[in-house]
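Colleague: I am new to this structure. Please show it to me, and then let me ask how the terms are justified.

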Amino acid sequence: MIKFLDLNGQYQKIKKGIDGAIADVIHHSAFIGGHYTALFEKEFATYQQAEHCIGVANGTDAIEIVLEALDIPKGTEVIVPANSFIATSETVTRQGYRVVFADVDPISYTLDPVDVRRRITQKTSAIIAVHLYGHPCRMDDLLKICVEFDLKLIEDCAQAHGAEYYGKRVGTFGAAGTFSFYPGKNLGAYGDAGAIVTNHQDIANKCRMIANHGRIDKYDHQFEGRNSRLDGLQAAILSVKLPHLDDWIKQRNLIASTYNQRLSGIKQLSLPSTNLHCYHAFHLYVIRTENRDELAQFLNKRDIQTGVHYPIALPKLAAYDYLGQGQEPMFANLTDSTLLSLPIGDHLSIDDAIEVSTAIEIYFTTR
Ligand SMILES: *Cc1c(COP(=O)(O)O)cnc(C)c1O
């Protein structure tokens, strides 16, 4: 069986470290805040080349807290990509802004700067750039747009731990970057967890206070905040995993390049490619084919698991009927029925990637 994800397999390889870390946290009752959370925040800031890291409860909260910290005028418009997970857009609405979907480009599946520019109005206040599938967005173009129109830029890095743009890790190109450590992400906790990174001291302070009841001291609450904290157990688990992350990404990228080589001759497929000056930290390897469902079934019969990210483009979700963008002839709206995510991860070998590729070749030569 070639699994899409194998968290238990990964655990077995690092079991001693994980079990020890969990026992330590329990021994010290360092469940909320404390040593392990502070340590991981420091380690992750260093890893992402950011000055500050604030652990939070999950990647969705991370986006919402950054939006709140930036104090953008309510009722204004925030541009988000039409291909992402709903967390990117629902947080915008929850904070009192209007979602505006912009298209993604067919090469990187990240925000198309040309379409972003088209959608800017007097009311636009911010852009959320999603480094989807681990591929960095065109930050130079997006930053130029943000300067020109005085917009805030947030990076949703939930799928892009370790990804680089011009040799610099993602997350600090704009106001702040948000991360998810959902178990299936490239760096995953054993439950929900997330983080915010930023190089701006004031944004860091504000985010930390919002995430912890608006306080600066135990009972000194400067404003009403909320409870969104990275707990000690998850932080300690993440600290054990972080030193492995670069190797895991390398393994994922090796699987991706094996797919690239083996599948490049199949005309019916569009393969992912990487823009210049980008270090793609592959979270998902997404191909496009008109025969998506049939191919997925064929692979499934051969014990090869696949996924779809995402089966319904955000503008076409019932949740966004009110925006009326589901009918627009955007790439994202037109291609959601053709996307297929092949298995990728540190649990796979090159031989596994060859087996998957061979099965795909057989499908297209025999159908
Ligand atoms: C996973 C994900 C999130 C949300 O993270 P959670 O930790 O599950 O809340 C946000 N944005 C993107 C692009 C994601 O893939």
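Modeller: What follows is a set of questions on pockets, the ligand, cavities, a sheet and two backbone details.

Modeller: This is a predicted model, in which local features need pLDDT of at least 70 and side-chain atom pairs count only at pLDDT 80 or more, while totals for chains, interfaces and linings use all residues. Residues are numbered from 1 along each chain as its sequence is written, and side-chain values use heavy atoms, with hydrogens and water left out.

Colleague: What makes a space a pocket and not a cavity?

Modeller: On a 1 Å grid over the protein atoms alone, a cavity is a set of points where a 1.4 Å probe fits but cannot get out, whereas a pocket is an open set with protein on both sides within 12 Å along at least five of seven lines. The volume is the space filled by probe spheres set on the grid points, which are joined across faces, edges and corners. By that count the largest pocket has about 510 Å³.

Colleague: Which residues line the largest pocket, and which are closest to its centre?

Modeller: A lining residue has an atom within 4 Å of a point. There are 26 of them here, and Gln159, Tyr182, Lys185, His283 and Tyr310 are the closest to the centre. The elements giving two or more residues are α4 (59-70), α5 (87-94) and β8 (176-180); α4 gives the most, with three. These names refer to DSSP runs numbered from the N terminus: helices are H or I with at least four residues, strands are E with at least two.

Colleague: How is the lining of the largest pocket divided by residue type?

Modeller: It has eleven nonpolar, eleven polar and four charged residues. Nonpolar covers Ala, Val, Leu, Ile, Met, Phe, Trp, Tyr, Cys and Pro; charged covers Asp, Glu, Lys and Arg; the others, Gly among them, are polar.

Colleague: What lines the second largest pocket?

Modeller: That pocket, of about 240 Å³, has 15 lining residues, with Gly33, Thr37, Arg208, Asn212 and Arg229 nearest its centre. Helix α3 (34-47) and strand β1 (52-56) each give two or more residues, and α3 gives the most, with four.

Colleague: What makes a residue count as being around the ligand?

Modeller: One of its heavy atoms must lie within 4 Å of the molecule. Of the 15 such residues, Gly59, Thr60, Asp156, Ser180 and Lys185 come nearest.

Colleague: How do you know that there are polar contacts with the ligand?

Modeller: The term needs a pair of N or O atoms within 3.5 Å. A backbone N or O atom of Gly59 is 2.8 Å from a ligand oxygen, a side-chain N or O atom of Asp156 is 2.8 Å from a ligand nitrogen, and a polar side-chain atom of Ser180 is 2.6 Å from a ligand oxygen. The ligand alone exposes 380 Å², of which the protein buries 93%; such areas come from the Shrake-Rupley method with a 1.4 Å probe.

Colleague: How many cavities of 30 Å³ or more are there?

Modeller: There are three. The largest holds about 120 Å³, and among its 14 lining residues Leu5, Leu7, Gln10, Arg252 and Asp346 are closest to the centre.

Colleague: Why are β6 and β12 called paired?

Modeller: Two strands pair if DSSP finds at least two bridges between them. Strand β6 (residues 164-165) and β12 have two, in the antiparallel sense, so the definition is met. The open sheet runs β7-β6-β12, with β7 (168-169) and β12 (278-279) as edge strands.

Colleague: What is unusual in the backbone at Tyr310 and His213?

Modeller: Most residues other than glycine have a negative phi, and most peptide bonds are trans. His309 and Tyr310 are joined by a cis peptide bond, with omega about 10 degrees. His213 has a positive phi, near 60 degrees, and is found in the loop between α8 (201-210) and β10 (215-217).

Note on methods. Polar contact = N/O pair within 3.5 Å; in protein donor to acceptor, adjacent residues only side chain to side chain.
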